[in-house]
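Biologist: Before we discuss this model, could you put the sequence and the structure on the screen, and then take my questions one at a time?
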Amino acid sequence: MAGTFKFELVSPERILMSVDVDQVIVPGAEGQFTVLQSHAPVISTLLPGVIHVKSAEIKKSIFVRSGFAEVTADQLTILAERAFIVDEVDPRQLDEELELAQRALDTAETDDARLHVTRAIEQLKALIGEAA
Amino acid sequence: MASLKDLRNRINSVKATRKITKAMQMVAAAKLRRAQEAAIAARPYAERMDAVLSNLAKGVASPEGASPLLVGTGKDDTHLLVMMTAERGLCGGFNSNIAKLVRNDAKRLIKAGKTVKILAVGRKGADNLKRDLGKFITDRVSLVGIKKLGFDKAAEIADKVMSQFADGAFDVCTIYFSQFESVISQKPTALQLIPASLPDAASSGAAAADSVVYDYEPDENEILDYLLRRNISTQIFRGLLENAASEQGARMSAMDNATRNASDMIDNLTLIYNRQRQAQITKELIEIISGAEAL
């Protein structure tokens, strides 16, 4: 098993999470990718979606609306404009987010955008199902 | 000369005022702590953003293809001044200092033949400029009833700015806010948003990360474009937070002064009151004694 690395989730308002983890799955702009220790340095924007964080002690899902990820060999920093740690927020907030996403779907102009939003909605629904 | 009763009323009313200013000072102190914490908590995000952004901007090869957010529209005919002030007064020179800075800049630009537009965030600054620069205020954003300043508000202002920029309504955008230095010192500051003024990578704290060569997904230009847009709202958010802390700091010291002044006034009035009371007693005694002697 690979070693741990530092994972930080930063919102404009504060640092939401700062833990040592084994593995993080990130919804990157060009497809999901998994970050393990000693990952090559990457800067990627994020699509609306779910980040899965895994370590020996914790396993968390985080929904992000948009943001970007900065990967270095021993650290992953995610700057997210809006992030919800699924176990910690009020489920109602997720519902609200879902509503917003659905509205975004109606106003989306390109097929690409529509695809992204649809995917985000699916993931949100799954999360809400999990939380319930 | 005021009668004893008048003096007593005066003293009581100043005492009541002192109670209010004292309470306001304590409320401001509590709010200041929270505002400061919020400003500090928001710092990591802005620092990261700055570091990555300046890193990327250095790599922009040719200015032609770069985003207008970074290099500007090539003109500087129309200026948008985003003035951030408070919704409430009673905080010393806080609002008027920002308004003064905006007024000076606006007048200088107008004299140079530029077009000026002002976006007023918060009521107090707009009120201050209404008389002479009122016709330049094109838009307002209200901060009424906001208990905790969230990123949403900054995003809302940024959206306004961005959509105007997309319409070509202005070439240069500057935000005005008060930099929080300490409780007794807040510095009105102008910060140019568009074209972006980037800090030096060396001074942004994350210099160590600069030596790493990153892969970019999608390509560099797209990320830079995304970040520049994010940067607008981040900077506005930072301005709002700094302003919130400054406002409370300014209010705290203003109310501290007011409380001290009220105390001085009470001391003075009490002295006069006691002197008059004694004079009256003496007068009454003289009247009684001279009355008795006359018998």
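Biologist: Which residue is the bridge partner of Val82(B) in β2(B)?

Modeller: In this predicted model, 7 bridges join β1(B), residues 78–84, to strand β2(B), residues 115–121, and the two run parallel. Within β2(B), the bridge partner of Val82(B) is Leu119(B).

Biologist: And which residue does Val82(B) stand opposite in β4(B)?

Modeller: Strand β4(B), covering residues 172–182, is joined to β1(B) by 5 bridges, and these strands run parallel. In β4(B), the residue that stands opposite Val82(B) is Ile175(B).

Biologist: Which helix makes a right-handed β-α-β unit with β1(B) and β2(B)?

Modeller: The strands β1(B) and β2(B) run parallel. The helix that completes the right-handed β-α-β unit with them spans residues 94–111 of chain B, and is α4(B).

Biologist: How many of the 7 residues of β1(B) are buried?

Modeller: Strand β1(B) is joined by bridges to β2(B) and also to β4(B). Val82(B), with its partner Leu119(B) in β2(B), touches Val121(B), Val161(B), Cys173(B), Thr174(B) and Tyr176(B) among others, leaving aside residues up to four places away in sequence. The strand is mostly covered, and the number of its residues that are buried is 6.

Biologist: Which helix gives the most to the largest nonpolar core?

Modeller: That core has 99 residues, and those with the most contacts inside it are Val82(B), Met83(B) and Ile118(B). With 15 residues, the element that gives the most to this core is the helix of residues 220–294 in chain B, α7(B).

Biologist: Turning to the two chains, which element gives the most to the side of chain B that touches chain A?

Modeller: Here 21 residues of chain B are in contact with 20 residues of chain A. The elements giving two or more residues to that side of chain B are α2 (43–58), β6 (215–217) and α7, and by class the side has 16 nonpolar, 2 polar and 3 charged residues. With 5 residues, the element that gives the most is α2(B).

Biologist: In β6(B), which residue is the bridge partner of Ile43(A)?

Modeller: Strand β5 of chain A, residues 42–46, is joined to β6(B) by 3 bridges, and the two run parallel. The bridge partner of Ile43(A) in β6(B) is Tyr216(B).

Biologist: How far apart do the C-alpha centres of domain 1 and domain 2 of chain B lie?

Modeller: The domain assignment of chain B gives domain 1 as 4–20 + 257–294 and domain 2 as 35–255. Between the C-alpha centres of these two domains of chain B, the distance is 54 Å.

Note on methods
Residues numbered from 1 in each chain as written. Chains lettered and ligands numbered in written order. Predicted model: local features only at pLDDT ≥ 70, side-chain atom pairs only at ≥ 80, totals over all residues. Core = buried A, V, L, I, M, F, W, Y, C linked by C-beta atoms within 7 Å. Buried ≥ 20, exposed ≤ 12 C-beta atoms within 10 Å, placed from the backbone. Helix = DSSP H or I, 4+ residues; strand = E, 2+ residues; numbered from the N terminus. Contact = placed C-beta atoms within 7 Å. Nonpolar A, V, L, I, M, F, W, Y, C, P; charged D, E, K, R; others polar. Pairing = 2+ DSSP bridges. Right-handed = clockwise from strand over helix to strand, strands pointing away. Domains from an automatic or database assignment.
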